[in-house]
Amino acid sequence: MATTDAARGQVAAAAAEVYDEFFVPALFGQWAAPMLDAAGVAAGDAVLDVGCGTGVVARAAARRVGPTGEVVGLDRNDGMLAVAARSLEPVTWRQGVAERLPFDDGRFDRVLCQFAVMYFDDQRQGLREMARVLRPGGTVAIATWSAVEESPGYASMVDLLRRVVSDEAADALLAPFTLGTAKVVAELLADVFPDAAVTRHHGTARFESIRAWVHTDIRGWTLAELIDDPTYERLLTEALAVLAQYTDEAGRVRFAAPALIATAAKPS
């Protein structure tokens with residue numbers, strides 16, 4: 001079966017807008033500082049963010065490296081990059097794929113990849129390229145989501161999609177969780193970064209309401225083009241009932257969303 005854009009994490013331009021407005025504050029923004037800390041990003045560093053999306057990590061890196069540093073954000077999706085380019089931080093945005101990074105050997109002090117490696121067409125080749133452009137002694141930090149069972153809200157959403165929409169929609173939402181254990185991540189990195197350390201970090205998904213959660217997951221992600229308006233309304237009706245267990249007394253959604261961060265240094 002051919003790999004779909006949904007399974008590869010590719011979004012349309014309109015979805016990239018929703019992603020940046022809603023998904024970043026709800027889920028992704030909290031990981032920017034831990035990623036920079038894990039890689040040891042400091043003033044003056046040259047940093048590459050692979051699979052940068054709308055640029056939450058790259059923008060944070062630009063603020064940390066300061067005027068003597070440099071940050072490049074690379075993504076295959078032009079919709080994501082169009083949104084990223086509106087930022088005021090001095091980041092260079094490049095379109096490209098992880099498997100063929102358009103940079104010289106040893107070009108960067110730090111290479112970051114937040115929640116993107118699961119979407120590489122060839123994960124090990126992408127990792128080899130990340131190592132190639134890293135200078136000797138430089139560091140890499142790679143984040144993946146913990147298994148979906150550790151993120152109960154998303155486990156419930158996957159079940160709901162499978163029941164109300166389709167297996168394709170449910171599998172697309174499962175795609176981010178496919179590298180969900182430290183053992184799996186370490187085994188993936190072993191050939192390229194054999195000394196990688198993988199640590200689990202607590203995180204929280206935060207949405208203002210179930211409606212906001214459904215809107216963000218469907219309209220701001222790969223599912224946007226899989227679900228028509230009538231199906232979306234059926235899904236929302238079901239979600240308001242089934243997902244109420246994840247809301248507080250004010251109707252705000254909160255549930256655990258832990259992640260794994262792998263770090264390694266390139267041998268000098």
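## A buried pair: R110 and D45

R110 is buried, with 12% relative accessible area. This is a predicted model. The partner of R110 is D45, and their side chains meet in a salt bridge at 2.9 Å, N to O. D45 is buried as well, at 8% relative accessibility.

Where do D45 and R110 lie? D45 sits in the loop between helix 2 and strand 1 (46-50), while R110 belongs to strand 4 (residues 108-114). The two are 65 residues apart in sequence, so the pair ties together distant parts of the chain order.

## Salt bridges within helices

Side chains of opposite charge can pair when their charged atoms come close. Across the whole structure, a search finds 16 salt bridges. Two further examples each stay inside one helix.

One is in helix 5 (residues 123-132), which holds both R132 and E129. They are three residues apart, about one turn of the helix. Their closest N and O atoms are 2.8 Å apart. Are these residues buried or partly exposed? E129 counts as buried, at 10% relative accessibility. R132 is partly exposed, because its relative accessible area is 23% and the buried class ends under 20%.

The other is in helix 8 (residues 182-189), home to K183 and E187. Here the spacing is four residues, again about one turn of the helix. The closest N and O atoms of this salt bridge lie 2.6 Å apart. K183 is exposed, with a relative accessible area of 57%. E187 is partly exposed, at 43%. Shared partners also matter for the helix 5 pair: salt bridges join D105, E129 and R132 into one network.

## Helix 2 against helix 3

Two packed helices are described by the angle between their axes and the distance between the axes. Helix 2 covers residues 32-39 and helix 3 covers residues 56-65. Their axes come within 9 Å and cross at roughly 60°. That angle makes helix 2 oblique to helix 3. The crossing is right-handed.

Which residues make the contact? Helix 2 supplies A32, A33, L36 and D37. Helix 3 supplies V56, V57, A60, A61 and R64. By class, the contact has seven nonpolar residues, two charged ones and no polar ones.

Technical notes. Residues are numbered from 1 along each chain as its sequence is written. This is a predicted model: local features need pLDDT of at least 70, side-chain atom pairs count only at pLDDT 80 or more; totals for chains, interfaces and linings use all residues. Side-chain values use heavy atoms; hydrogens and water are left out. Axes are lines fitted to C-alpha atoms, for helices over the stretch in contact, and angles run from 0 to 180 degrees between N-to-C directions. Angles under 35 degrees count as roughly parallel, over 145 as roughly antiparallel, 65 to 115 as roughly perpendicular and the rest as oblique. A crossing is left-handed if the near helix is turned anticlockwise from the far one by less than a right angle, and right-handed if clockwise. Contact means heavy atoms within 4.5 Å. Ala, Val, Leu, Ile, Met, Phe, Trp, Tyr, Cys and Pro count as nonpolar, Asp, Glu, Lys and Arg as charged, and the others, Gly among them, as polar. A salt bridge is a side-chain nitrogen of Lys or Arg within 4 Å of a carboxyl oxygen of Asp or Glu. Buried means under 20% relative accessible area, exposed over 50%, partly exposed in between (1.4 Å probe, protein chains only).
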